[in-house]
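The following exercises concern helix packing, strand pairing and backbone geometry. Each task is followed by a worked solution.

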Amino acid sequence: MVDEGGNNTVRVANFLKPCAKNTGEATRFPTVSVPPRNGEEVHPAVQFKGWKNPQRKWNDWIEIMAGKYGFMWNQTGICDAILSSMYKIQCNQSLILGIVEYWCIETNTFVFPWGEATITLEDVMVLGGFSVLGEPVNLPLTGDLVAMEAEMLRLSREMDGGKSRRDQRTWMKFFMEEGQSHDLEHVGFLSLWLSRFVFPSLPYEVIATRVFPIAIRLARGTKLALAPAVLAGIYESLRLLKQQVTSSLGESVKALGLFQLVQLWANERFSIFGSNCPIELKPGEPRAARWHGVISNANGCPISSALKFARSFQWRPYAADLKNWCFVSPYKDNEQFVHVASNSNDELKSFGQCLFANELVGLGGCIEKYMPNRVAMQFGFDQHLPGDFAVMNSNCRENFMFYVPSRAYKPCVSLEYLNWWRASKVNQEKKEGEINGMRLNFKDDESSQIDRIKNVVGDFAGLLSDEKGRVKLAKGTLCNPLDVEAYACSIVGTLSHPIDVDKYM
């Protein structure tokens, strides 16, 4: 095994299946194409149409409804998700677009220079408050629930004067001022919440009739697995945004989806963006409240540079204790071997569900692959060669055993994985060929690359002379790595692996 510092150690490892036995059986290395940078970070203008903050009086309505239905919200696992919609999450567009550049649509992972990471079911459960347990969201209504849906459709048409558009403001005004005694008051509230904060869709700012069946079942006390459907929508939105940005040619782009959760994920995972978080949770608040009104930044460090270093990434942010956070963590002081059956507690069962490779089914026919085995370190497991994607039988997910690492455990990568990653990166960069009009010469011997770098440092410093001819000595740091391609194309380096000149001077 190899730890973060590159030190080799021999010990028992805990891998997340499916794993490959050797590099020949490992899945194809994920590829992403990150555009070249010449100092300035330029992205197309993006309108995040699905990014919705709470409306005026929305928090008041939540307080009213919580007094009536709070107990049911806890039973159905949506209490934290509803409460999370009370907070305003600030959009850092450069950060969102910066990580989207690394999104791989084949694996649904971010392929950073230092490894793979992604938004998992655990992230959606913790940051969004959505349950991974319960019935699928797409099951059809039966019995008297069908009549309730028909009544909701009739009411929506009547409320909007027979038009097909159901404005969210009109909807909230009706139920807050006139519909408090209405039999479908709870369904009306949940329909707005689902349309605005869970499954945003076109056209914007309307109540989507596709969420009526979900709202009706939740209002009847049925627990639904919202997290898989939400994550499927996020994966789909990341794929669409990646494709739009790649082909935009500088034109404005419209993005739909829960990018608030992407922002929260980046704030939690990259310490350089979340290190100045000023919000301390109050008792009973969801984790999203930490980021209410917080403007994330990298303290002057270019975002593209911050994303290139593994040291800034938090593999296990939810394993640490957080004051006033009421979430029951599966991570304890000691490791656990857990047998999950139908009568197991929901916390451990939920964590176990997050570990299964699966197909996530969202709304509107959306189906996305979920491969936690590619990002095992995010769950505290050691990372080994990822095996071929395979959907687990649903029966296996009802009665199974799994391992839960201790909260203090620091996962490592296997030597086989490290060699596979390095070799695959070199092969990928060879295929990319030219960067900034020059084809890089790769050598198999790493020491020869280092010698070559040492030989050109003097020329590199000379290129940074000021207007009076005085030579400036250029040194890179974590927050300000040298953009070597902009100054000296003869240095061996790539956009994903900038030269750390400090190591060689």
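**Exercise 1. Determine the handedness with which H1 passes H7, and describe the contact between these helices.**

Solution. The model is a predicted one. In it, H1 passes H7 in a left-handed crossing. Two packed helices are described by the angle between their axes and the distance between the axes. Here the angle is about 115°, and the axes of H1 and H7 lie 11 Å apart.

The next step is to list the residues that meet. H1 contributes Trp58, Trp61, Ile62, Met65, Lys68, Tyr69, Met72 and Trp73, while H7 contributes Glu185, His186, Gly188, Phe189, Leu190, Leu192, Trp193 and Phe197. By class, the residues of this contact are twelve nonpolar, two polar and two charged.

**Exercise 2. Compare the span of H7 with the expected value, and state how many of its residues are buried.**

Solution. Helix H7 covers residues 185-198, which makes 14 residues. At 1.5 Å a residue the helix should span 20 Å; the end C-alpha atoms are 19 Å apart, so the two values agree. As to burial, 14 of the 14 residues of H7 are buried, and the helix is mostly covered.

**Exercise 3. Establish how E7 and E8 are joined, and which side chains of E8 are buried.**

Solution. Strands E7 (residues 358-361) and E8 run antiparallel and are joined by four bridges. Val361 stands opposite Ile367 in E8. The two strands form a hairpin with five residues between them, and in the turn Gly364 has a positive phi of about 70°.

In a regular strand the side chains alternate between the two faces of the sheet. Strand E8 (residues 367-370) shows this alternation: Glu368 and Tyr370 point to one face and are buried, whereas Ile367 and Lys369 point to the other and are not.

**Exercise 4. For Lys57 and Asn108, find the phi angle, the location and the degree of burial.**

Solution. Lys57 has a positive phi near 75°, although the residue is not glycine. Lys57 is placed in the loop between E1 and helix H1 (58-76). Its relative accessibility is 39%, so Lys57 counts as partly exposed.

Asn108, also a residue other than glycine, has a positive phi near 55°. Asn108 belongs to the loop between strand E2 (103-104) and strand E3 (109-112). With a relative accessible area of 3%, under the 20% cut-off, Asn108 is buried.

**Exercise 5. Identify the peptide bond between Lys17 and Pro18 as cis or trans.**

Solution. Omega is about 0°, and the bond joining Lys17 and Pro18 is cis. Pro18 lies in the segment before strand E1 (46-48).

Note on methods: Residues numbered from 1 in each chain as written. Predicted model: local features only at pLDDT ≥ 70, side-chain atom pairs only at ≥ 80, totals over all residues. Heavy atoms only, no water. Buried < 20%, exposed > 50% of the residue type's maximum accessible area, 1.4 Å probe, protein only. Pairing = 2+ DSSP bridges. Expected span 1.5 Å × (residues − 1). Axes fitted to C-alpha atoms, helices over the stretch in contact; angles between N-to-C directions. Left-handed = near helix turned anticlockwise from the far one by under 90°. Contact = heavy atoms within 4.5 Å. Nonpolar A, V, L, I, M, F, W, Y, C, P; charged D, E, K, R; others polar.
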